[in-house]
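Trainee: I would like a close look at one part of this model. Please take me through the cysteines, and then go on to the rest.

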Amino acid sequence: MSDLPRTYLTTPIYYATGEPHIGHAYTSFLADTLARYHRQTGASVLFLTGTDEHGQKIQEEATRRGVEPQKLCDEMAARFRQAWAELDIEYDRFIRTTEEEHRQVVRSFLRRLHRRDLIYRDTYQGWYCVHEERYWTEKDLTPEGNCPDCNRPVREIEEQNYFFRMSRYQEELIRHIESNADWIVPEVRRNEVLGFLQNPLSDLSISRPRTRLRWGIPLPFDEDHVTYVWVDALINYLTASGAIRPDRPEGDEGFDDVSGSWWPADLHLIGKDILTTHAVYWPTLLLGAGLPLPRRILAHGWWTVGRDKMSKSLGNVVDPLALREQFGTDAVRWYLMREMPTGGDASYTPERFLIRYDELANVLGNLASRALSMIGRYREGVLPQAAGVGLEDEIRETLASFHQSMESLRLHEALGAAMDLARVANGYVEATEPWALAKNPERADELNEVLSTLHRTLGVLAALLFPVMPGKMRELAAALGLEGVPSLEESVRSTPLAPRVSAGLRLFPKADKVAADAGGA
Ligand code: ME8
């Protein structure tokens, strides 16, 4: 692999049982925004997403609908792809766990653990929640005897399973977390995992007898059992990295040298519901296989409605596509990225959506339309030559804090910093009063400098906000007369010679106008 900077980002692979909703969209927007940001800085990026297609949950949903599991998965994978296309989520690879390549990687991985004597057979006795696809012990259950995560009834199970010696890696995992302060972001989630690891770690059941569950990947060393869906699902990150080559002879499948592949992942983006699987099961499985650990895990919070988690089963899911019809995809992306502090929860309310939308209309949209119409009115649409350095310090400071916030995964802050620059630029218009300068021919140079500064600032804003609002920032760059959205570096460095701008750009119509149009439609 080349020496160019590179970034491998992943989202969870979503269960192919339900429709994509705003929660899934949120994680995917985060990944897409980061992927676009890294591409913009010149890195080569692998942005992976996909669908989780095995396990009891899928089998039961398929039975309920009276279709074959594969047909259900084909349909749902297509639905997720379509949603991501409509929401401008530009992934590089969409993985499905029913793909042959993945099935073979899972089998290679388990063969490796088996060869290393890390798998044994025993009786499992405990409780299982199909919705979460999780085992629980008696003491984990709620006082009513339900799943502690989703409060649904659990099933008692006693059967022969294969187990992975997860307990063996407890100390090594604790040491890893303790010596890598930002391996799990945010800190509250890191502490949660360290707290969980204060209790003895049990071994992990990694299989189901086929007599009970048909829909899964057979174990390579016992075809009467299928792989536990979480083990199967986590390995997707490795499959897509290209590190493991199951077609090679045993011992040469790539476990001992991942240097030619994308592994290890730079960032696993997940919701806090699946922290234990990603920060305990996954790293211990990797340690068992002798593979490097992912570099970072970001566990974000919930989108809630009032106090309740937004979820399909609660029936309170807001359809992002519906908001999109009225306000456009980019406004939805902006709201979700700007509103939720990375790691915390955020409550969806129409009022908060409108507050964030007004920011787009009244601050950014207003700045763009004023600047472009003044260049139109006072300079016949051609940007005059001038240094355009009126907001030099502000631009430099914004860029520094933008980069810092993006690198520390505080996207809401990065976007806030960009919007603050637009606010400052609006203040600059008020302070310099270009309409007064325009009345006085002797002050033509001053006016040129103001118009050029505004043009330049808008170029920087287009670059900064492109990762979150790609469609609108393309429109803005075109209206500025630029050839495409500039990279961050280009936007700061230079203004093209005398670009012809288009006045009359309405990036974000006022919310009352949007509502009136929707009402009249
Ligand atoms: O757990 N707020 O899939 P899943 C924010 N297949 N994010 C939310 C959310 C909400 N209200 N609801 C869902 C699975 N999410 C497994 C993953 S990975 C190897 C296997 C997002 O379809 C969030 O990212 O239940 C959460 O972790 C994920 O959807 C769960 O998706």
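How far is the sulfur of Cys 147 from the closest cysteine sulfur, and in which residue is that sulfur?

Mentor: This is a predicted model, so every value here is computed from predicted coordinates. The sulfur closest to that of Cys 147 belongs to Cys 150, at 3.7 Å. That is too far for a bond. A disulfide is a covalent bond between the sulfur atoms of two cysteines. The cut-off used here is 2.5 Å between the sulfur atoms, so the pair is not counted. Cys 147 is buried, at a relative accessible area of 1%.

Now take Cys 73. Its sulfur has its closest cysteine partner in Cys 129, 19 Å away, and that too is too far for a bond. Cys 73 is buried as well, with a relative accessible area of 0%. The total for the structure is zero disulfides.

Next, the ligand. The shell around the ligand holds 24 residues. Ile 13, Thr 27, Asp 52, Asp 273 and Trp 303 come nearest. Sort the shell by class and you get twelve nonpolar, nine polar and three charged residues. Strand 1, residues 6-15, gives the largest share, four residues. Helix 1 (22-40), helix 7 (229-234) and helix 8 (236-241) each supply at least two residues.

Look at the polar atoms there. Thr 27 places a polar side-chain atom 2.7 Å from a ligand oxygen. Tyr 15 uses its backbone: an N or O atom lies 3.0 Å from an oxygen atom of the ligand. Gly 23 also uses a backbone N or O atom, 3.4 Å from a nitrogen atom of the ligand. Cover is the next point. The ligand taken alone exposes 680 Å², and the protein buries 94% of that.

Turn to the helices. Helix 4 covers residues 100-115, 16 residues in all. From first C-alpha to last, helix 4 reaches 22 Å, close to the 22 Å expected at 1.5 Å a residue. Its buried residues are His 102, Val 105, Val 106, Arg 107, Ser 108, Phe 109, Leu 110, Arg 112 and Leu 113. Keep the helical repeat in mind as you read that list. An α-helix has 3.6 residues a turn, so residues three or four places apart point the same way. After helix 4 comes Asp 117, with a positive phi near 60 degrees.

Helix 9 (275-289) has 15 residues. Helix 9 spans 21 Å between its end C-alpha atoms, close to the expected 21 Å. Helix 9 is mostly covered, with 15 of its 15 residues buried. Just after helix 9, Gly 290 has a positive phi of about 75 degrees. Pro 292 follows in the loop between helix 9 and strand 13 (297-300). Pro 292 is partly exposed, at 33% relative accessible area. The C-alpha atoms of Pro 292 and Thr 211 are separated by 35 Å, with their places 81 residues apart along the chain.

Now the backbone. Most residues other than glycine have a negative phi, and most peptide bonds are trans. Check the exceptions against that. Asp 88 has a positive phi near 60 degrees. Asp 88 sits in the loop between helix 3 (69-86) and strand 3 (93-96). Asp 88 is partly exposed, with a relative accessible area of 27%. Glu 133 also has a positive phi, near 50 degrees. Glu 133 lies in the loop between strand 4 (119-129) and strand 5 (134-136). Glu 133 counts as buried, at 1% relative accessibility.

Two cis peptide bonds deserve a look. One joins Val 185 and Pro 186, with omega about -5 degrees. Pro 186 falls in the loop between strand 7 (184-185) and helix 6 (187-196). Another joins Trp 263 and Pro 264, with omega about 5 degrees. Pro 264 belongs to the loop between helix 8 and strand 12 (267-271).

Finish with Leu 482. This residue is in the loop between helix 17 (470-479) and helix 18 (488-493). Leu 482 is nonetheless buried, at 16% relative accessible area. The cut-off for buried is under 20%, so Leu 482 qualifies. The C-alpha atoms of Leu 482 and Gly 251 are separated by 54 Å, and the two residues are 231 residues apart along the chain.

Conventions
Residues are numbered from 1 along each chain as its sequence is written. This is a predicted model: local features need pLDDT of at least 70, side-chain atom pairs count only at pLDDT 80 or more; totals for chains, interfaces and linings use all residues. Side-chain values use heavy atoms; hydrogens and water are left out. A residue is near a molecule or strand if one of its heavy atoms lies within 4 Å of it. A polar contact is a pair of N or O atoms within 3.5 Å; within protein, one must be able to donate a hydrogen and the other to accept it, and residues adjacent in sequence count only if both atoms are side-chain atoms. Accessible areas come from the Shrake-Rupley method with a 1.4 Å probe; for residues, only the protein chains shown count as cover. Ala, Val, Leu, Ile, Met, Phe, Trp, Tyr, Cys and Pro count as nonpolar, Asp, Glu, Lys and Arg as charged, and the others, Gly among them, as polar. Buried means under 20% relative accessible area, exposed over 50%, partly exposed in between (1.4 Å probe, protein chains only). The expected span of a helix is 1.5 Å times one less than its number of residues.
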